[in-house]
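The following paragraphs offer a guided reading of a single chain, moving from its sheet to its loops and helices. The reader may wish to keep the sequence and the coordinates in view throughout.

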Amino acid sequence: MPAEDTVFNVLYDKFMFWSIIVGIFTFGWMFIAMLRYRDGVEPVENMDKYHIEVGSFPVDSHNTKLEVLFYVLPTIIVVWLTMMALASNTAVWQVPDNEPTFEIEVVGKQWFWEFHYTEALTWEDPGTHIDVEWTGNMLMIHAHNTTATNVTVAIDGVETDYEMDTTLGMITLMGTMFDAELHSKITVYDAEDHLLHTWEHLPVGTILSTAGGEHMILPCDEVAIMNLHSRPSDASNPNYVGVQHSFWLPEWGVKEDLVPGLEAGTVMYAQPDDMGTFPIRCAEYCGLDHSKMIGFVDIVAREGNNCEVDTGVQKTHSDSDDAELADGGDY
Ligand SMILES: [Cu+2]
C-alpha cells in the first residue's frame, strides 16, 4: 500500500486543497483592503457618509448579504471538513464487507515486537520463474532459465543448504515432506548469494520477533486485523503487567496504543495492497530502549497469488537484517 493511497494521506490532500482556496481568498482580500484603504487613497467618493470606524462594521450603510455570507460560508466549510475527517475515521475503524481478512496478534514487550500467528500463511515471491513444489515425500524446486545456484531449506529453524543442478535448473529432495504444523522456509540464491526467491509456510502458533531481526509478514489484498497486547518481557512478577506501547505503521498512517493489563487488547486494521517492506515504529515512550523498538512488515503474496509491487525497502538476505534494522531511522 503506497503511502499516498492511505485514508489519512488522501484526507491531508483534501484539507490542503481547501486551505489553499481559503488562503488565497483571505490573503487576497486582505491585500486588496490594505491597498485600497490606505491613508491618502480615496477608494470611494464621499467616504465620510459611511461613518467608517476601525474594527466595526459600517452601521448606516452596510451589506447584509455579504455579512451573512461571512458566517455561512466558513460554517459550511468547517462542517464539510469535519464530515470528511469523520468519514476517514470510520473508514479506518471498519472492516469492509466481503473482504478477506487475516487476523494476527501483535505483542509489544520491552523493547521489541512479537507477531503471533493465529492463522496459517503460505506465501511465495511471484514472478521469479522459480517454483517450489511439495509432492508426497518429495520437495522439488524448479528454476529453469534463472541464475539460481543454491537452496536453503529451513524447517522449524533447522537450516540445510543444497546446491542446485544448474544444468537442469532444478533440485529434488527426497524425504523432505511438507508438514503443515512446521514453520518451513525455502530460500533460493544465485552464485553471488543474492536472494532470488522465497517460499514460506507459517503455521498457526508461529511467533516472529523483531528481537531476532524477523519481519512481520502479512498477505496482500486482505484486511489485516491486528490485535494488540502489551506484555512484560519477564512474566515472573505478577504485579508487573508491562508498559504502554503504540504500534505505528508510519507509511500507512495508522497507529494504535497497546495497553498493559487490558486483557482483550486493542485492535487496528490495515488493508495492504502492494508488496513491499514497510517500517514499524513504537510511538509511545516505553522506557530506556524505546528508540530501538523498530521493525519491518513484509507484504507478501499468498502462494499462487499475485499483487502489485511497491518500491519498499529492498529485500536482502536474512543475515543483513540486523544492519537494516540499525539504520531504520530515529523516531
Ligand atoms: Cu514501545
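Two strands are said to pair if DSSP finds at least two bridges between them. The model discussed here is predicted, and this criterion is applied to its backbone. Strands β3 and β10 satisfy it with four bridges in the antiparallel sense, and within this pairing L121 stands opposite L202 of β10.

These two strands belong to an open sheet of five strands in the order β3-β10-β9-β6-β7, paired in antiparallel fashion. At the edges lie β3 (121–124) and β7, each of which pairs on one side only. From one strand to the next, the twist averages 15 degrees. A general point helps in reading such a sheet: in a regular strand the side chains alternate between its two faces.

Beyond β3, the chain enters a loop that leads to β4 (131–135), and I130 is located in this loop. Is I130 buried or exposed? It counts as buried because 23 C-beta neighbours lie inside 10 Å, and the threshold for that class is 20 or more. Leaving aside neighbours within four places in sequence, I130 is in contact with I141, H142, A143, T146, A148, V188, L196 and H197. For one of these, H197, the separation along the chain is 67 residues, yet the C-alpha atoms of I130 and H197 are 6.7 Å apart.

Two other loops contain residues with unusual signs of phi to examine. D156, in the loop between β6 (148–155) and β7 (158–163), has a positive phi near 50 degrees although it is not glycine. D193, in the loop between β9 (184–190) and β10 (195–202), is likewise a residue other than glycine with a positive phi, here near 70 degrees. How are these two placed with respect to burial? D156 is exposed because it has 11 other C-beta atoms within 10 Å; D193 is exposed as well, with 10 such atoms. The limit for the exposed class is 12 or fewer.

Backbone geometry also deserves attention at W111, which sits in the loop between β1 (101–109) and β2 (112–117). The peptide bond leading from Q110 to W111 is cis, and its omega is near 5 degrees.

A hairpin is formed by β14 (residues 245–249) and β15 (residues 254–258), antiparallel strands joined by five bridges. L249 has V254 of β15 as its bridge partner. Four residues separate the strands of this hairpin, in which G253 adopts a positive phi near 70 degrees.

The helical part of the account begins with α2 (residues 64–92), a helix of 29 residues. Its first and last C-alpha atoms are 43 Å apart, close to the 42 Å expected at 1.5 Å a residue. At F70, shortly before the proline P74, α2 has a kink of about 25 degrees. Why does α2 lie largely in the open? The number of buried residues among its 29 is zero, so the helix lies largely in the open.

Helix α2 nevertheless has a packing partner. Helix α1 (residues 7–36) packs with α2 at an angle of about 170 degrees, their axes 10 Å apart. The two helices are therefore roughly antiparallel, a description reserved for angles over 145 degrees. On the α1 side, the residues that meet α2 are V7, F8, L11, K14, F15, W18 and V22; their counterparts in α2 are I77, L81, M84, A85, S88, A91 and V92.

Notes: Residues are numbered from 1 along each chain as its sequence is written. This is a predicted model: local features need pLDDT of at least 70, side-chain atom pairs count only at pLDDT 80 or more; totals for chains, interfaces and linings use all residues. The expected span of a helix is 1.5 Å times one less than its number of residues. The bend at a residue is the angle between axes fitted to the seven residues ending there and the seven starting there. Axes are lines fitted to C-alpha atoms, for helices over the stretch in contact, and angles run from 0 to 180 degrees between N-to-C directions. Angles under 35 degrees count as roughly parallel, over 145 as roughly antiparallel, 65 to 115 as roughly perpendicular and the rest as oblique. Two residues are in contact if their C-beta atoms, placed from the backbone, lie within 7 Å.
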